[in-house]
Structures are given as structure tokens and as C-alpha cells.
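Take a moment to turn the molecule around on your screen and get a feel for it. Then let's walk through it together, one part after another.

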Amino acid sequence: MNILHPLKRPFIWLGRIRHRCGYGVHSPFAFELITFLIYEKTPYYAYQQLAEEQKRLSAQRGRGWNKETRKVNRLLFRLINRFQPRCVVDAGVLSASSLYLQASKADANYLFASDLSELFLEVDTPVDFLYLHHEKNASFVEAVFALCVTRTTSQSVFVIGGIHASRAMKGLWKKFRTDERVGITFDLYDVGILFFDRCKIKQHYKVNF
């Protein structure tokens, strides 16, 4: 992690302040997602148990294992709870996010892949939810997206981590959100969210998360 990142956060937040709480958003879907999911403060039943398990595993594996922030992990939990995917692909570096991805829908088919050789999907199995997080390896991110985007449906949701981590990741994020198969997108700075329902007007939203 960039050691200057914590010092930059207040300036990042202030620079995005006008993109808060759904102000100026006219799409009912986008407004509902921002207001009632991204900014939701409900203390889900599983949060405390997940925090304790995360702390226990962090002590075993070291600090580097727990790289996502709590708010990102909880957002992943809420997204899966909201959209109820049957297939969840977790591609990147093994981290605490795996706990949240699996806890929100225990009966989902969960697949973790740290490299392309592990990304094995049965023929015709759609990727309902993808969490793609390996910002230090942009080529991996690009390759996984290219593979998984061919398995999307109108209900698919992709979450891309570290979209502002480097010039390469910024370029990939722009490429992903402008892909003709992608519909509504959200830039939360720490992560980007892609939806594939083309019945909704394609639009990009910046959210002060």
C-alpha cells in the first residue's frame, strides 16, 4: 500500500464531496443503490462475527492478509445480500474479503482464483458476481475481466478493486466502464462497480464513498 495514501484520503473525500448521498441522480435504480445500499448503515447480524473471524485470521496470517478496508468488505457483503448471485468469483490476492463474500450467501458457488489457471468455470456457468482485486498486477485484472465478461447476464455485477491505484488501473477502469457490454457503472474511488443490465440507460456515477 502507498504509505502516503492515508494522508491523501481527506483531500480525496473533499474533492468528491458533491458526489454524496445521491444528489443530482435521476435514475431510480442508481439513486436506490447509492442511498439504500452504498450508504446503508444497518448493522447486519454477521458483521460482529465476521470482524472477530477476520481478527483471528489476521493474527495467524499477518497484517498484509487483511488489506481491504472494513467499509469495502461490508459493501461486498451488502451487494451479494442484495443481488443474491448463484456464482461468486473472487479473483486476486487472498484476503479478508473472502469471509464477507462467502458469508452473505452461504449457498452460492464460491470460487477463489489467484491466477488464471485457477479460474476454472463449468461450461455455460454464468459469472453472477465478480470481485476482481489485484491492482498491482494490471495484466491479471485485464485477463480475468476479458474471460469473465463473456459469462455475464443482465443480472451480473462486477466489483473492481484499486481502480485509482495506478495509471494502468485507471486506464483499465476507463476501458471496462466504456465496454459496450457494460451498463450503469459506479466509481467509489476504492472500488468500481459494473452492472450489465443494458435495459437501463448506460451512465457513469461518481460516489463519495
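What follows is a tour from the overall layout to the cores, a helix, some cysteines and a few charged pairs.

Before we start, keep in mind that this is a predicted model. The protein chain holds seven helices and seven strands. If you follow the chain from the N terminus, the elements come in the order α-α-α-α-β-α-β-β-α-β-α-β-β-β. How much of the chain is buried? Of its 209 residues, 47% are buried. The surface that the protein chain exposes comes to about 11200 Å², and carbon and sulfur atoms supply 56% of that area. The chain also brings together residues from distant parts of the sequence: among contacts between residues at least 6 apart in sequence, 64% join residues at least 24 apart.

Now let's look inside. In soluble globular proteins, nonpolar side chains tend to be buried together. In this model, the largest nonpolar core has 29 residues, and those touching the most other members are Ile38, Leu75, Phe129, Val159, Phe186, Leu188 and Ile193. Several elements each supply at least two residues of this core: helix H2 (28-38), helix H4 (70-83), strand E3 (129-133), strand E4 (157-161) and strand E6 (191-195). Helix H2 gives the most, with six residues. You can pick out isoleucine 38 to see how such a residue is surrounded. Leaving aside its neighbours within four places in sequence, isoleucine 38 is in contact with Leu33, Leu75, Arg78, Phe186, Leu188, Val207 and Phe209. Apart from the largest core lies another one, made of 26 residues, including Leu111, Val149, Met169 and Phe196.

Next, find helix H6, which spans residues 138-148. Which of its residues are buried? They are Phe140, Val141, Val144, Phe145 and Cys148. Looking down the axis of H6, you would see these buried residues fall within an arc of 130°, so they line one face of the helix. The parts that cover them include strand E1 (87-92), strand E2 (109-113), strands E3 and E4, helix H7 and strand E6.

One residue from that list, cysteine 148, deserves a second look. Cysteine 148 is buried, and its relative accessible area is 0%. Cysteine 199 makes a good contrast, since it is exposed with a relative accessible area of 76%. A disulfide is a covalent bond between the sulfur atoms of two cysteines. Why does cysteine 148 have no such bond? The closest cysteine sulfur, in cysteine 87, is 8.2 Å away, which is too far for a bond. For a pair to count, the two sulfur atoms must be within 2.5 Å. By this rule the model has zero disulfides.

Another residue from the list, Phe145, leads us to a charged one. Aspartate 179 is in contact with Phe145 and Lys202, if we leave aside its neighbours within four places in sequence. Where does aspartate 179 sit? Its place is in the loop between helix H7 (167-177) and strand E5 (185-187). Although it lies in a loop, aspartate 179 is buried, with a relative accessible area of 14%.

Finally, let's turn to the charged pairs. The model has seven salt bridges. One of them joins arginine 82 and glutamate 32, whose closest N and O atoms are 3.8 Å apart. Arginine 82 belongs to helix H4 and glutamate 32 to helix H2, so this pair ties together parts that are 50 residues apart in sequence. Arginine 82 is partly exposed at 38% relative accessibility, and glutamate 32 is partly exposed too, at 26%.

Another salt bridge links aspartate 190 with lysine 71, again with 3.8 Å between the closest N and O atoms. Because aspartate 190 lies in the loop between E5 and E6 and lysine 71 in helix H4, the pair ties together parts that are 119 residues apart in sequence. Here aspartate 190 counts as buried, at 17% relative accessibility, whereas lysine 71 is partly exposed, at 32%.

For the last stop, find aspartate 107 and lysine 105, whose side chains meet in a salt bridge of 2.8 Å from N to O. Are these two partners buried or exposed? Aspartate 107 counts as exposed, at 62% relative accessibility, while lysine 105 is buried, with a relative accessible area of 12%.

Key. Residues numbered from 1 in each chain as written. Predicted model: local features only at pLDDT ≥ 70, side-chain atom pairs only at ≥ 80, totals over all residues. Heavy atoms only, no water. Helix = DSSP H or I, 4+ residues; strand = E, 2+ residues; numbered from the N terminus. Buried < 20%, exposed > 50% of the residue type's maximum accessible area, 1.4 Å probe, protein only. Contact = heavy atoms within 4.5 Å. Core = buried A, V, L, I, M, F, W, Y, C linked by side-chain atoms within 4.5 Å. Arc of directions from axis to C-beta. Areas by Shrake-Rupley, 256 points an atom, 1.4 Å probe, with all protein chains shown as cover. Salt bridge = Lys/Arg side-chain N within 4 Å of Asp/Glu carboxyl O.
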